[in-house]
Amino acid sequence: MDESTALGHATVLIVEDQALMRTTLRGFLQFAFPGCSFHEADDGASALEACAAGQPDLVLMDKCLPDADGIELTSRLRTIYPGIQVIVISQRSGEIYVQRALAAGARAYLVKDCLTVELIPAVAAAIGITAATRTGTSS
C-alpha cells in the first residue's frame, strides 16, 4: 500500500467494453470510495495504455473484451506491473474461470450478477480503504 492509498486515495481503472456497465460501475464505486480516482478503458489495448500512463492501484477487469481475454490480460499486467491489484468480473460463472483468474494473478473473480453484494468488499480489500457509508462517513 503506498502513501496515497494509506490516506484513503487510490486510483482504479475500470476495463469494461459495455459503456452502460462502465458508467454504472464507476458511479457505484465513486459513491463508496469518494476519495479515489476512477479511469476507464473499453478494451485491452486501452487498458495497457492507461496502465502505462499512470499505474492504477486496482484494475477492475472484464473477462470478455473485444480485443483480449481479461484473464490473459490480467496475467500480462501482473507481469509488467506486479504492484497492481486486479479483480476480474464476468457474466460467466464456474470454478474453471475462478481458477484461471487466480492463477493469472487476480485477487478475485466476481460474477456480474453478484456485484451489488460482492464488489464493494472486494474493492475495499484490494485497495485497503474502508467504503463510505450512506451518510458519507467511514464505517
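Visitor: Which residues of helix α3 (residues 44-53) are buried?
Guide: This is a predicted model, in which local features need pLDDT of at least 70, side-chain atom pairs count only at pLDDT 80 or more, and totals for chains, interfaces and linings use all residues. Residues are numbered from 1 along each chain as its sequence is written, and side-chain values use heavy atoms, with hydrogens and water left out. Buried means under 20% relative accessible area, exposed over 50%, partly exposed in between (1.4 Å probe, protein chains only). In α3, a DSSP run (helices are H or I, at least four residues; strands are E, at least two; numbered from the N terminus), the buried residues are Gly44, Ala47, Leu48 and Cys51.

Visitor: Why are they on the same side of α3, and how many degrees does their arc cover?
Guide: The arc is that of the directions from the helix axis to the C-beta atoms. On the other side of α3, Glu49 and Ala53 are exposed. The buried residues lie on the same side because their arc around the axis is only 100 degrees.

Visitor: What do the buried residues of α3 pack against?
Guide: Packing here rests on contact, meaning heavy atoms within 4.5 Å. By that criterion, the partners of these buried residues are β1, β2 (37-41), β3 and α4 (70-80).

Visitor: Which element gives the most to the largest nonpolar core?
Guide: A nonpolar core is a set of buried Ala, Val, Leu, Ile, Met, Phe, Trp, Tyr and Cys residues joined through side-chain atoms within 4.5 Å. The largest has 26 residues, and Leu25 and Ile87 are among those touching the most other members. With eight residues, the element that gives the most to this core is α6.
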